[in-house]
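Colleague: I'm new to this structure and would love a close look at one part. Could you walk me through the place where the two domains meet?

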Amino acid sequence: MTERILVTPADLLGDGVFETLHLRESGPWLLPEHLGRLARSAALLDLPPPPVVDVTAGAGRTGAMRIIYTRTLLHVGVSAIPEQVLRERRDGVRVLSAGLGVAAGHRPPWSLSAAKSLSYASNFAARRWAARHQADDVVWVSLEGYVLEAPTASVVWLSGDELCTVPPAEAGILDGITAAHLLSLAPSAGLRPVHRMVTLPELATADAIWLTSSLRGLAEVISLDGTERPRSPWTPRLLAMLGFTDSF
């Protein structure tokens, strides 16, 4: 049975924010962090602070939990994790780079690049473009040549003993909750967490590259702009650190 949600014209224009959480038997993973980002995103859209979110609908279940907040509704839904997400986590992703046409950290004053807004049409259009070119995903690059993010994921890479990701404020991108959590765990694996900008040629020389998000956890980049990359032994280890123990 399909759940019916009443929407207004403003909702149809994407004038709202959302969060996607990995629902585990223990509950929604990293819930406080996601609720915090939901509130920050809402503030960027001049929405009132979100009301208390009832997540009990997912009690005892596993899957994908989505919290949608607009000017007229707060909705929490639970669904199965898409097979494509599970496949990307298991098999890795083939990625193409694409210019975003913006300078890193320099967006219009009305930009919502730091908000997880419902206006995701261009994000999925980028992934469809990748699919038409026999790839799975895209990494966006700034006018100066800096790697920014993927349409639905953060970029994380390993260089020596440094586990790195792009600094959100400096790059003008969404803060990645899974990426931040992974870097907080890096010292326990003998790695140094680093936030820094990286050019595309520099990224290509990394020991390993991943796209990170709540449902994926990690999806290893196995091809970048047509150049094949060997699988990293760090992938199953980092996935286990994130609690994805059934992926390998």
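Modeller: Happily; here is a tour of the interface between the domains. This is a predicted model, in which local features need pLDDT of at least 70, side-chain atom pairs count only at pLDDT 80 or more, and totals for chains, interfaces and linings use all residues. Residues are numbered from 1 along each chain as its sequence is written, and side-chain values use heavy atoms, with hydrogens and water left out.

The protein splits into domain 1 (9-80) and domain 2 (84-241), with bounds from an automatic or database domain assignment. Their centres, taken over C-alpha atoms, lie 22 Å apart. Domain 1 brings 23 residues to the contact and domain 2 brings 16, where contact means heavy atoms within 4.5 Å.

Together the domains bury about 1700 Å², with 69% of that from carbon and sulfur atoms; buried area is the accessible area (1.4 Å probe) that two parts lose on being put together, summed over both. On the domain 1 side, Phe18, Trp29 and Arg37 lose the most area, together 35% of what that side buries.

One salt bridge is counted between the domains, the term meaning a side-chain nitrogen of Lys or Arg within 4 Å of a carboxyl oxygen of Asp or Glu. Arg40 and Asp175 form a salt bridge, with their closest N and O atoms 2.6 Å apart.

As for secondary structure (DSSP runs numbered from the N terminus: helices H or I, at least four residues; strands E, at least two), strand S1 (16-24), helix H2 (31-44) and strand S3 (63-70) each supply at least two residues of domain 1's touching side. S1 gives the most to that side, with seven residues.
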